[in-house]
Amino acid sequence: MRIVSLFFLFLFFSIVISAQNKTENIVIVTLDGMRWQEVFKGADSFILKNKNYTHDYENTSGLFWSDDLNERRKKLFPFLWNVVAKQGQLYGNRTFNNNLNNANPYQFSYPGYNELLTGYPDTLVNSNEKINNPNENVLEFINQQKDYQNKVAVFATWDVFPFILNKNRSHLFINADVDSLHFNTPSLQLLNDMQFLTAKPIGVRPDVFTYFAAREYWKVYQPKVLYIAFDETDDMAHGGDYDQYLKSAHAQDRMIEDLWNLIQSSASYKNKTTLIITCDHGRGDVDKNNWTDHGSEIKESGQIWMAVLGPDTPAFGEMKIEQQLYQKQIASTIASLLGFSFNTNHPVGNSIASVFNSDTDKTKVASNNRITSEK
Ligand SMILES: [Zn+2]
């Protein structure tokens, strides 16, 4: 008897949960090593004025500087601040103790992407080498669900993604660096030629090719889950090139806006698609010269951020409540948005309820939902 009533209770809540979700499609975009400091505060005046890092101060400050914080961050990330901040949610502004962190201790790329996509900050995943990831990720989990088989696609600039997502095991469609685009469409064939002939300032194809490959693929093949992994921001930062770090960040924001406009103009995606934008790790800031670097020795570099926009996500805007979230929670949040529970053979962080639950801290968020004025 007790088991029977528990079953009906379970059934009831399952129906309630799935009834809440309008999300049928997910788009994830990552900006490698993009600092929360620029996301929430715009270009940094110290780094901008330092000739070691900013080579064309006049041009770069002309593009991205304003004395007003709100204007400054809008110049750098117009889509995040004109659209997501009004219609979605932005996590990770530590000015309000709204904290999002790596749970893994390493604070570099592969361990970060592993934590993001598997929900498991596995301490054995501790190098950027091309080693197949033993942990199941949420994309391959979704790819096994009804209606999602062969409807998950990944486009990455960095050539380690086929290993992070264990292409051999997961059978996900993954196109990374100059992996050939074997598609019989003129635009994808053109992109294929271009990616082989382009200069590669960061050693792998420029992010714009990754974006266009994803975009043209999306138009023709209509994946239900699309992951785009950009890379340039991290490389430019390691190279100490603040001009190009900002320009790459800005270009990525514009590409995300372009994709969102396409999604919202498609009858099969409009108001059925959730967009999640985040990063793998942060970078240093306490010592401003550490902006170029990250890792376990640079302790601020586990500080990350996330933006969410979609039909199930209450428009809380910039989150200004004190909270501590972790990157390991994002994988199950993605599954929950689609009405799935991400259970696998390793631990997974809990999903972030405020992403899809309008009751979460509503009053606290609403009373704090003013434009910031600090510089
Ligand atoms: Zn990285």
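Before I start, one definition: when I give an angle between elements, the axes are lines fitted to C-alpha atoms, for helices over the stretch in contact, and the angle runs from 0 to 180 degrees between N-to-C directions. With that settled, let me add that what you see above is a predicted model, and then begin with the place where that angle is needed.

Helix H12, residues 207–221, lies across strands E4, E5 and E6, the last of these being residues 225–230, and H12 runs at about 170° to E6. Those three strands belong to an open sheet of eight strands, whose order is E5-E4-E6-E1-E7-E9-E2-E10 and whose pairing is mixed. At the edges stand E5, residues 173–176, and E10, residues 317–318, and because each has a single partner strand, one side of each is left without a neighbour in the sheet. As a reminder, strands of a sheet pair through backbone hydrogen bonds, either parallel or antiparallel. In the case of E5, the pairing with E4, residues 152–156, is in the parallel sense and extends over four bridges.

Within that pairing, I would like you to look at Val154, which stands opposite Ile174 in E5. Leaving aside neighbours within four places in sequence, Val154 is in contact with Leu139, Phe161, Leu165, Leu172, Phe173, Ile174, Asn175 and Tyr227. Two of those names return when we turn to the largest nonpolar core, which has 102 residues, and in which Leu139, Val154 and Phe161 touch the most other members. The element that gives the most to this core is helix H14, residues 242–264, with nine residues.

Let me move to another helix, H15, which spans residues 330–337 and is mostly covered, with eight of its eight residues buried. What covers them? The elements include strands E1 (25–31), E7 (273–278) and E9 (306–309), together with helices H7 (109–118) and H8 (138–143). After H15 comes Gly339, whose phi is positive, near 85°.

Helix H7 brings me to my last residue, Ser109, which lies in that helix. Is Ser109 buried or exposed? The cut-off for calling a residue buried is 20 or more other C-beta atoms within 10 Å of its own, and Ser109 has 24 within that distance, so Ser109 is buried. Once neighbours within four places in sequence are set aside, the residues in contact with Ser109 are Asp32, Asn128, Asp280 and His281. Finally, Ser109 and Tyr326 are 217 residues apart along the chain, and their C-alpha atoms are separated by 16 Å.

Definitions and conventions:
Residues numbered from 1 in each chain as written. Predicted model: local features only at pLDDT ≥ 70, side-chain atom pairs only at ≥ 80, totals over all residues. Buried ≥ 20, exposed ≤ 12 C-beta atoms within 10 Å, placed from the backbone. Helix = DSSP H or I, 4+ residues; strand = E, 2+ residues; numbered from the N terminus. Contact = placed C-beta atoms within 7 Å. Core = buried A, V, L, I, M, F, W, Y, C linked by C-beta atoms within 7 Å. Pairing = 2+ DSSP bridges.
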